[in-house]
Amino acid sequence: MPIFSKKFSYKSAPPRNKRVLESDCPRIHEKLEEFRNIHLQLSDDGGYTFANGCWSSTSKNAKASASNNNQQLKEKITKLSEENNLLQLKVDILVDLLTENTVEMTEIKEKLMK
């Protein structure tokens, strides 16, 4: 019994009888415009439409919802600006404290060196 013998031999696949050609399958002609504009209906009031790369509201109260959204964004902007101002104030106070501390430390080191 040889050492390097094949224990299993694979069978080759039988050749196909018939090839599928493009002419055998009918081409599907669909309007691509149907897939570029997406309509999403969330409630009876209206929904959203995705066209030209952005979502827009198609509800009956589109102006009211847009103004409500604008109001929320303005409130968020004012809140974030107030928070930013507070954080800048805290940073300024910490920098002042750090400079005072370094001045005191340098004075102490100078006294010790004399």
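W55 is partly exposed, because its relative accessible area is 49%, and partly exposed covers the range between the 20% and 50% cut-offs. Keep in mind as you look at this residue that the model is predicted. You can find W55 in strand β3. Who are its companions on the surface? W55 joins I38, L40, L42 and Y48 in a nonpolar surface patch of about 510 Å².

Let's step back to see where this strand belongs. The protein chain has two helices and three strands. If you start at the N terminus and follow the chain, the elements come in the order α-β-β-β-α. How much of the chain is buried? Of the 114 residues in the protein chain, buried residues make up 4%. For a residue to be counted as buried, its relative accessible area has to be under 20%.

Now for the strands themselves. Strand β1 covers residues 38-41 and strand β2 covers residues 47-51, and the two pair in the antiparallel sense over four bridges. To see this pairing in the model, look for I38, which stands opposite F50 in β2. You have already met I38 as one of the residues in the nonpolar patch.

Strand β2 also pairs with strand β3, which spans residues 54-57. These two strands run antiparallel and are joined by four bridges. A good place to see the pairing is T49, whose bridge partner in β3 is S56. Is S56 buried or exposed, or does it fall in between? S56 is partly exposed, because its relative accessible area of 34% lies between the 20% and 50% cut-offs. Try looking from S56 towards H39 as well: the two are 17 residues apart in sequence, and their C-alpha atoms are 9.8 Å apart in space.

What links β2 to β3? The two strands form a hairpin with two residues between them. In the turn, N52 has a positive phi of about 55°. G53 also lies in the loop between β2 and β3. G53 is exposed, because its relative accessible area of 57% is over the 50% cut-off. Along the chain, G53 and N37 are 16 residues apart, and 9.2 Å separates their C-alpha atoms.

Finally, let's move on to helix α2, which runs over residues 62-113. One residue to find in helix α2 is D96. With a relative accessible area of 45%, D96 is partly exposed, because this value falls between 20% and 50%. Which residues gather with D96 in a patch of negative charge on the surface? The others in this patch are D92, E100, E104, E107 and E110. As you turn the model, you can look for both surface patches: the nonpolar one that includes W55, and the negatively charged one that includes D96.

Notes:
Residues are numbered from 1 along each chain as its sequence is written. This is a predicted model: local features need pLDDT of at least 70, side-chain atom pairs count only at pLDDT 80 or more; totals for chains, interfaces and linings use all residues. Side-chain values use heavy atoms; hydrogens and water are left out. Patches are made of residues with over 30% relative accessible area and no salt bridge: like charges are joined within 9 Å, nonpolar side chains (Val, Leu, Ile, Met, Phe, Trp, Tyr) within 5 Å. Accessible areas come from the Shrake-Rupley method with a 1.4 Å probe; for residues, only the protein chains shown count as cover. A salt bridge is a side-chain nitrogen of Lys or Arg within 4 Å of a carboxyl oxygen of Asp or Glu. Lys and Arg count as positive and Asp and Glu as negative; His and the chain ends are not counted. The place of a charge is taken as NZ of Lys, CZ of Arg, CG of Asp or CD of Glu. Buried means under 20% relative accessible area, exposed over 50%, partly exposed in between (1.4 Å probe, protein chains only). Two strands pair if DSSP finds at least two bridges between them.
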